[in-house]
Amino acid sequence: MRTGLQKWMLAVGAAAFFMLPLTSRAQLTTLDIASRDNMQSHVAGHTGHVDDGKDDYHRYCEGCHGDMGDGNGEVAQWLQPPMWPKPRNFQLGVFKCRSTPTGTLPTDDDLFDAITRGFDRSAMPIWSVFTKYQLANLVAYVKHFSPRFVSEKPGTPITIPPEPEVTPERIKNGREVFNRVQCWKCHGVQGMANGPSASTLQDDLGFPIAPFNFTDGTRPKCGDTDQDIYRIFMTGLDGTPMPSFADNIKPDEAWDLVFYLRTLMKQPSKAKEIAKTLNLKPVNPNP
Amino acid sequence: MKKAQNLVAIVSMLVLVCCGALLLNQKVSAAGEGKITGNVKFEGAAPHMRGIDMSKDPYCVKATSANPAHMETTLVGSSGGLENVVLYIDGWSGDATVEKNVPIFDQKNCMYVPHVLPLDVNQTFKVTTSDNTAHNIHPLPNPMVNVGWNQSQPPGAPPIEKSWKNPEAIRVQCNIHPWMQGWFVVVKGPYAVSDSSGNYTINNVPPGSYTVKAWHEPDQTQTQKVTVSAGQAATASFSFK
């Protein structure tokens, strides 16, 4: 004789089993997500736990990223791309800001940095109010939504050689790299987000997305140090049209490109000063 | 009591032997392999494939000036044959990654050549560029099934070597040239793709009973049952609308 509870469990089990192939394509079940409750993060000298990140997630993040991490929180419907990108769907395990190659998972540090930094030109706030321990727990919580963090390891972060001294030659060479690999197709010759392909760009979910405008003083989403900018074009922003150039720009050239991008940006920099003194301007590669 | 136990033992033995035979049936050695061949037709008038406006990129306009590009979503040959249909064995239970060659997916004259590339699970393929303009190659798998990526290929870029872990029809696109849309059709086991007359042959099929599946973009499929005998060709022809 089976008890009532046993029967009930069997029924739920069977239903979950038959629903899995259907839901796994579109959305995960709470059951599946709960199976990763032991997910951890190791970051900023702490070990983060799902249980300890739960309260903060539901209080501070759920409104946008959703109860199930699918990016469909209450607020999501009011966010209209390209002005306001949709909140990230954590179930897909696809992230923009990575130190790791395109097609690989970010490290715990990458997620930690993304949460702390916030996303300029988006509703994603800067979360500097949390302690490092709270952030580590949130990283574990974000990871537990995606099965990828169980089946795969994060990619190996790319190596960034030490930053060389900026020189006029390097800036000029960076301008050549910008034209050779054709960043201008999307970003425009002046970096004003008005390249010939800019108007038709869509992200992986089919929403319109604008290329970064170097000239309007906004910050790159994945950080605004020289190292961050180097990392952005060498790893790409997964889930968006912004590709990885790792196979086509050599490390030394990559620094030259960073210096050239600095001359396009509004923020003051040494590269910008040099370009101003020498009157180094963008060159239109199209005759 | 004893009798009943014997009966259970005999029945389970029988079941085991039958299952074993069924499994073996599909894994007979390569020596006596057969094939599946046939034709894929398009029923009714071929849809008009409209021309592509490449004015975004003067290089592409020039590259296609002699031979204007058009959409490739439904390519019907003069005899009504349907091109770019992928044919494979549904529920393949034979060896993993039987297809061992390294096919090439080229970016040429701002189009993908071929438009549809069938692949075995874990089969290596190469993405190359023949163009003197920058592309970015950006496959869009379902992230729950396969892992996507997005890499630039400016003029002279080295080939990219990749493979896919799970069966899925994966759309691939270039964000710089939004008309560039193609497919990686990842299946398990041997496959074929129909040519411009709609003909196809799946080679290296061990004798056995199979369900042949035919896929045409974006998500049309049909199936047919066939029996392949050693060294022989079984036929299965399909018709899409």
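**Exercise 1. How many helices and strands are there in chain A?**

Before we start, a bit of housekeeping: this is a predicted model, where local features need pLDDT of at least 70 and side-chain atom pairs count only at pLDDT 80 or more, while totals for chains, interfaces and linings use all residues. Residues are numbered from 1 along each chain as its sequence is written, chains are lettered from A and ligands numbered from 1 in the order in which they are written, and side-chain values use heavy atoms, with hydrogens and water left out.

*Solution.*
- Step 1: take helices as DSSP runs of H or I with at least four residues, and strands as E runs of at least two, numbered from the N terminus.
- Step 2: count them, and chain A gives 11 helices and 2 strands.
- Step 3: walk along the sequence, and the order reads α-α-β-β-α-α-α-α-α-α-α-α-α.

**Exercise 2. Describe the overall extent and packing of chain A.**

*Solution.*
- Step 1: along the principal axes, the C-alpha atoms fill a box of roughly 90 × 40 × 30 Å.
- Step 2: call a residue buried under 20% relative accessible area, exposed over 50% and partly exposed in between (1.4 Å probe, protein chains only). On that scale, 49% of the 287 residues in chain A are buried.
- Step 3: let a contact mean heavy atoms within 4.5 Å. Of the chain A contacts with a separation of 6 or more, 63% join residues 24 or more positions apart.
- Step 4: for the surface, use Shrake-Rupley areas with a 1.4 Å probe; for residues, only the protein chains shown count as cover. Chain A exposes about 14600 Å², and carbon and sulfur atoms supply 58% of that.

**Exercise 3. Why is helix α9 of chain A described as largely enclosed by the rest of the structure?**

*Solution.*
- Step 1: helix α9 spans residues 226–235, and 8 of its 10 residues are buried, so the rest of the structure largely encloses it.
- Step 2: name some of them: the buried set includes A:Ile229, A:Tyr230 and A:Phe233.
- Step 3: look for the cover, which includes α10 (251–264) of chain A.
- Step 4: check what follows the helix: A:Gly236, just after α9(A), takes a positive phi of about 75 degrees.

**Exercise 4. Work through the salt bridges, starting with A:Asp228.**

*Solution.*
- Step 1: recall that side chains of opposite charge can pair when their charged atoms come close. The cut-off here is a side-chain nitrogen of Lys or Arg within 4 Å of a carboxyl oxygen of Asp or Glu.
- Step 2: A:Asp228 pairs with A:Arg231, with the closest N and O atoms 2.8 Å apart. These two sit 3 residues apart in helix α9 of chain A, so about one helical turn separates them.
- Step 3: compare their burial: A:Asp228 is buried at 11% relative accessible area, whereas A:Arg231 is partly exposed at 22%.
- Step 4: another pair is A:Asp32 with A:Arg36 (2.9 Å, N to O), and A:Arg36 is buried at 6% relative accessibility.
- Step 5: for a network, see A:Arg170, A:Asp252 and A:Asp256, which salt bridges link together.
- Step 6: over all chains, the search of the whole structure finds 12 salt bridges.

**Exercise 5. In which helix is A:Asp51 found, and is A:Asp51 buried or exposed?**

*Solution.*
- Step 1: A:Asp51 is found in helix α3 (residues 50–65) of chain A.
- Step 2: its relative accessible area is 56%, so A:Asp51 is exposed.
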